[in-house]
Amino acid sequence: MIEIALAAAALLFFVGLTLILLRRSLVFWLLGAELLFNAALLVALAGGARWHAISGQVLALFIMALSGAALAPSLALLLRVRRELGTLNVDGLRLLREREEQDD
């Protein structure tokens with residue numbers, strides 16, 4: 001049973017890492033980061049179930065809280081970037097830096 005959970009976690013991790021490395025959109029970067037969090041969550045739950053320890057579930061709750069805490073400001077930043085630039089492309093962030101340098 002733990003092998004299936006670890007395989008699913010590895011798949012989630014691989015898909016999340018692929019999204020981060022290959023896509024140029026901030027939305028996909030955020031989605032990839034969430035998949036990485038979910039992979040860690042699945043490993044924590046599988047480990048806790050394997051060794052009949054509650055620490056795995058506690059760690060899973062901590063990962064869920066951390067993921068949620070990271071998601072809210074990230075979405076706010078995405079909305080702000082979208083309003084300023086009109087795009088969510090990573091290359092558009094260079095425009096923000098160039099604007100900042102011109103203002104200084």
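Colleague: In this predicted model, is D91 buried, exposed or partly exposed, and what is its relative accessible area?
Modeller: Buried would require a value under 20% and exposed one over 50%. D91 falls in between and is therefore partly exposed, with a relative accessible area of 33%.

Colleague: Which residues are linked with D91 in a network of salt bridges?
Modeller: The side chain of D91 meets that of R24 in a salt bridge, at 2.7 Å from N to O, and this pair links distant parts of the chain, with D91 in the loop between helix 3 and helix 4 and R24 in the loop between helix 1 and helix 2, 67 residues apart. D91 also forms a salt bridge with R94, where the closest N and O atoms are 3.6 Å apart. The residues that join D91 in the network are thus R24 and R94.

Colleague: How far from E34 is the nearest side chain of opposite charge?
Modeller: E34 lies in helix 2, residues 26-50, and, leaving aside its neighbours within four places in sequence, is in contact with S67 and L71. Although buried, E34 has no salt bridge, and the nearest side chain of opposite charge, that of R23, is at a distance of 17 Å.

Colleague: Within what arc do the buried residues of helix 1 fall, seen down its axis?
Modeller: In helix 1, the buried residues are A5, A9, G16 and L19. They line one face of the helix, because, seen down the axis, they fall within an arc of 90°.

Colleague: Which helix is included in what covers those buried residues of helix 1?
Modeller: On the other side of helix 1, exposed residues include I4, L11 and F14. What covers the buried residues of helix 1 includes helix 2.

Conventions: Residues numbered from 1 in each chain as written. Predicted model: local features only at pLDDT ≥ 70, side-chain atom pairs only at ≥ 80, totals over all residues. Heavy atoms only, no water. Helix = DSSP H or I, 4+ residues; strand = E, 2+ residues; numbered from the N terminus. Buried < 20%, exposed > 50% of the residue type's maximum accessible area, 1.4 Å probe, protein only. Lys, Arg positive; Asp, Glu negative; His and termini not counted. Salt bridge = Lys/Arg side-chain N within 4 Å of Asp/Glu carboxyl O. Contact = heavy atoms within 4.5 Å. Arc of directions from axis to C-beta.
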